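Let's take a walk through this structure together. Have a look at the picture first, then read on.

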There are 2 protein chains.
Amino acid sequence: MAIIVQKFGGTSVADADKIRRAARRVIEKRQAGYQVVVVASARGQQTDELVRDALELNPNPPKREMDQLLSTGEQQTVSLFAMALQAMGYEAISFTGGQIRMMTDGVYSKAQIKSIDAEVIRRELDQDQVVIVAGFQGIDEFGNVTTLGRGGSDTSAVALAAALKAEACEIFTDVDGVYTADPNVFKPAVMLDEISYDEMLEMASLGAGVLHIRSVAFGKRYNVKIRVRNSGNDNPGTIITHEVPQMEGVLVSGATIQKEMAKIGLIGIPNVPGIAAQVFARLAEAKVVVNDIIQTEVSPQKATLSFMVGTSDLQTAKEVAEDLKSELHCESVFVRDDIALVSVIGVGMRSQYGVAEKMFGALAKAKVNIDSITTSEIRISCAVGKEEVEKALEAVCLAFELDKPARQRKPV
Amino acid sequence: MAIIVQKFGGTSVADADKIRRAARRVIEKRQAGYQVVVVASARGQQTDELVRDALELNPNPPKREMDQLLSTGEQQTVSLFAMALQAMGYEAISFTGGQIRMMTDGVYSKAQIKSIDAEVIRRELDQDQVVIVAGFQGIDEFGNVTTLGRGGSDTSAVALAAALKAEACEIFTDVDGVYTADPNVFKPAVMLDEISYDEMLEMASLGAGVLHIRSVAFGKRYNVKIRVRNSGNDNPGTIITHEVPQMEGVLVSGATIQKEMAKIGLIGIPNVPGIAAQVFARLAEAKVVVNDIIQTEVSPQKATLSFMVGTSDLQTAKEVAEDLKSELHCESVFVRDDIALVSVIGVGMRSQYGVAEKMFGALAKAKVNIDSITTSEIRISCAVGKEEVEKALEAVCLAFELDKPARQRKPV
């Protein structure tokens with residue numbers, strides 16, 4: 001019998017009515033002949049409340065105890081979810097991460113999944129049980145509770161779908177699916193029927209907060225079909241999968257913006273091998289997440305190295321840069337803290353010319369000045385002034401017809 | 001190094017300030033050179049809130065899921081408690097029942113402890129950690145979460161003290177200790193410095209709600225010195241232990257009342273062997289808890305059998321009695337539902353005459369009519385009318401000088 005994994009986020013299980021509504025989703029799939037595994041998050045604002053309780057006792061709470069504490073939120077949801085299903089006439093059993101041996105490494109608060117004991121779940125499924133698993137949590141080899149970090153329930157769900165070879169993993173959330181752009185900024189954005197893992201990875205890492213980025217990477221690696229759906233309606237949502245033929249004609253699937261960015265430059269660093277590696281090793285040591293890196297030779301002896309960081313990392317990054325300035329004898333450090341990024345993403349651009357040109361043309365026509373440009377195989381990002389980024393997004397979206405479903409766009 | 005187990009109930013950990021106050025109790029013992037194991041209950045009204053959440057989804061919640069749900073309350077407390085201790089400069093680590101392999105049978109909601117892996121705890125204690133254990137919970141052999149029933153944290157604490165051969169188990173609660181009688185009813189009641197396990201067992205089963213009865217039985221079996229203390233002050237509390245020499249001179253240690261009782265009688269049952277066994281087997285089958293049993297021969301052929309039940313079991317007990325009436329061809333069933341029990345308890349009465357006489361005399365002088373009498377080796381109970389039980393308690397307390405510390409009472 002085919003297995004479906006359904007994941008319900010905190011807003012989808014926030015109260016008794018919402019849990020019942022989620023349970024009806026499960027029952028629909030049972031009635032359609034599927035075995036169903038549910039992954040659930042903590043109810044509503046519960047995790048935030050527990051964090052607040054912890055901070056009241058310890059401004060710097062030990063991570064092991066934090067994971068022990070936060071994992072209770074999901075445990076409560078899954079037992080309540082099982083009770084709801086039983087009240088509705090369906091057999092159901094809940095499991096914590098530990099009970100299904102969701103084994104992780106020992107990195108509290110951002111543990112990585114190593115293995116899952118799918119047998120426990122299969123045994124229950126084969127006895128007509130709906131299996132409800134606490135998302136976000138696992139245990140390490142010593143039985144300590146670990147958590148996968150915020151949004152980790154998505155990863156739990158996709159990992160379970162992979163372990164169980166499920167037909168699909170449905171992620172229920174409070175939006176209809178993945179859009180060509182954030183509809184709060186670009187109102188005419190349209191929902192995508194399908195998107196590739198690679199595109200979704202770029203979208204997720206660039207700030208489209210629909211799905212936890214690790215869950216997409218997991219889905220890609222283990223070939224799990226992920227469907228993002230709205231828990232409040234019956235829209236089909238967006239399927240995230242490997243590239244499919246009909247995607248080929250599409251140049252650009254979506255556009256994103258990232259605010260709260262800053263750019264730091266080291267001007268006049270020695271133009272010799274190994275310098276960039278040294279700079280980024282130091283930043284990594286200070287746990288600064290670096291986004292885009294640009295190095296340009298200004299003379300045979302000197303180069304300029306710049307990179308983007310989130311503004312939350314700016315202070316630390318600046319300190320590292322100042323240290324490096326004296327160590328490397330570079331001329332100066334510059335900081336621009338009013339930067340934002342606008343990006344277009346699409347597997348189609350791999351084999352097409354003119355995407356960059358079209359993007360720069362659209363920004364020029366909208367009189368948005370481009371600070372710097374970085375590209376990957378399926379993405380082009382432009383750094384622009386923070387106050388212009390929404391105007392930039394709109395210009396780019398219209399240029400690539402992201403207000404229309406893919407099939408209605410002009411052929412490239 | 002000697003080990004102390006300290007148990008804090010829900011009111012003693014209800015908020016951040018109370019957790020910090022409890023943590024200071026731990027630190028005092030650490031500073032005095034002890035290794036400390038803490039057992040904690042769910043915070044304040046949390047368990048009640050979770051029960052309410054469950055009933056909203058399922059009026060008859062499955063017990064496995066209920067245990068899975070309720071165990072989160074204690075898990076939250078222990079991680080918060082460990083955080084508080086760490087903020088105060090002491091190493092601390094929390095464990096769920098499962099993590100220390102508190103193995104129980106599989107009887108959800110009232111599981112019995114089978115074994116504890118003390119090694120996990122010893123290892124942490126030897127690394128200077130305060131170990132904080134979630135009370136009330138364990139796991140069965142399949143890893144399902146079980147709970148020990150209301151008040152089960154007391155039992156967890158005493159069981160841990162036994163497994164660790166702790167010097168003592170301190171039970172912190174919201175009263176100063178064990179009193180000669182309920183001070184809400186008999187104001188001049190005095191606190192006992194010491195009481196024997198057997199007396200405490202009788203007191204607990206007769207309605208003195210200070211300690212969970214199973215924890216006392218556990219303490220007796222494994223010889224754990226239990227100290228009941230007030231978490232809000234430094235009073236020494238009451239020690240529960242085996243009989244000690246100074247107890248010998250004391251006739252009666254305390255008096256209790258039990259309201260909400262009913263008496264059921266089967267009149268004119270056949271006076272042949274095996275009938276009583278048959279009656280009580282049927283009541284046990286119907287899960288009716290029977291208190292006191294009185295059988296009297298009224299003729300060579302006929303007898304009367306009566307017993308006490310809690311009023312919550314009255315309806316079921318009445319139905320069983322009616323069934324038995326026709327099966328056994330007895331004359332009639334009578335029910336008195338306005339009964340209460342007043343009892344005196346004391347190991348001293350084992351070797352002393354005159355306790356019963358003194359009790360009956362006191363009740364007669366107070367013009368309280370006695371419905372029936374039952375005794376055990378260390379207890380005498382009189383059934384009286386419900387509306388007279390408080391007057392009865394006062395009369396009995398004064399007769400046995402329970403308003404004075406034992407050493408000030410007149411010699412027997």
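**Two helix pairs to begin with**

In chain A, the axes of helix H6 (residues 197–205) and helix H7 (residues 213–222) come within 9 Å and cross at roughly 165 degrees. Helices here are DSSP runs of H or I with at least four residues, strands are E runs of at least two, and both are numbered from the N terminus. Axes are lines fitted to C-alpha atoms, for helices over the stretch in contact, with angles running from 0 to 180 degrees between N-to-C directions. H6(A) and H7(A) are therefore roughly antiparallel to each other (angles under 35 degrees count as roughly parallel, over 145 as roughly antiparallel, 65 to 115 as roughly perpendicular and the rest as oblique).

Before going further, a word on what you're looking at: this is a predicted model, where local features need pLDDT of at least 70 and side-chain atom pairs count only at pLDDT 80 or more, while totals for chains, interfaces and linings use all residues. Residues are numbered from 1 along each chain as its sequence is written, and chains are lettered from A and ligands numbered from 1 in the order in which they are written.

Back to that helix pair. The crossing of H6(A) and H7(A) is left-handed (the near helix is turned anticlockwise from the far one by less than a right angle; clockwise would make it right-handed). On the H6(A) side you'll find Tyr197(A), Met200(A), Leu201(A), Ala204(A) and Ser205(A), which meet Ile213(A), Val216(A), Ala217(A), Gly219(A) and Lys220(A) in H7(A). Residues are in contact if their C-beta atoms, placed from the backbone, lie within 7 Å. The contact of H6(A) with H7(A) divides into seven nonpolar residues, two polar and one charged (Ala, Val, Leu, Ile, Met, Phe, Trp, Tyr, Cys and Pro count as nonpolar, Asp, Glu, Lys and Arg as charged, and the others, Gly among them, as polar).

Chain A has another pair to look at. The axes of helix H8 (residues 275–285) and helix H9 (residues 314–328) of chain A come within 10 Å and cross at roughly 145 degrees, and this crossing of H8(A) and H9(A) is right-handed. Here Ile275(A), Val279(A), Arg282(A) and Leu283(A) in H8(A) meet Ala317(A), Val320(A), Leu324(A) and Leu328(A) in H9(A). That contact of H8(A) with H9(A) has seven nonpolar residues, no polar ones and one charged.

**How the two chains meet**

Now zoom out to both chains. In chain B, 27 residues are in contact with 27 residues of chain A. Helix H1 (16–31), helix H2 (46–57) and helix H3 (63–87) of chain B are the elements that give two or more residues to the side touching chain A. H3(B) gives the most, with 13 residues. By type, this side of chain B divides into 13 nonpolar, 11 polar and three charged residues.

How do the copies sit relative to each other? A turn of 180 degrees and a shift of 0.0 Å along the axis lays chain B on chain A with an RMSD of 0.1 Å (superposed by least squares on the C-alpha atoms of residues with pLDDT of at least 70 in both). The two copies are thus related as by a two-fold rotation axis. In chain B, the C-alpha nearest that axis belongs to Thr72(B), 2.6 Å away from it. What's more, 100% of the interface residues of chain B are also interface residues in chain A, so the copies meet through the same surface.

**Two sheets in chain B**

One open sheet in chain B has six strands in the order E14-E15-E13-E16-E18-E17, with antiparallel pairing (strands pair if DSSP finds at least two bridges between them). Strand E14 (290–297) and strand E17 (370–376) of chain B stand at the edges, each with a single partner strand, so one side of each is left without a neighbour in the sheet. Inside this sheet, strand E13 (residues 254–270) and strand E15 (residues 302–310) of chain B pair in the antiparallel sense over nine bridges; Met261(B), for instance, has Gly310(B) in E15(B) as its bridge partner.

The other open sheet has eight strands in the order E3-E6-E2-E1-E9-E11-E12-E10 of chain B, and its pairing is mixed.

Notes. Two residues are in contact if their C-beta atoms, placed from the backbone, lie within 7 Å.
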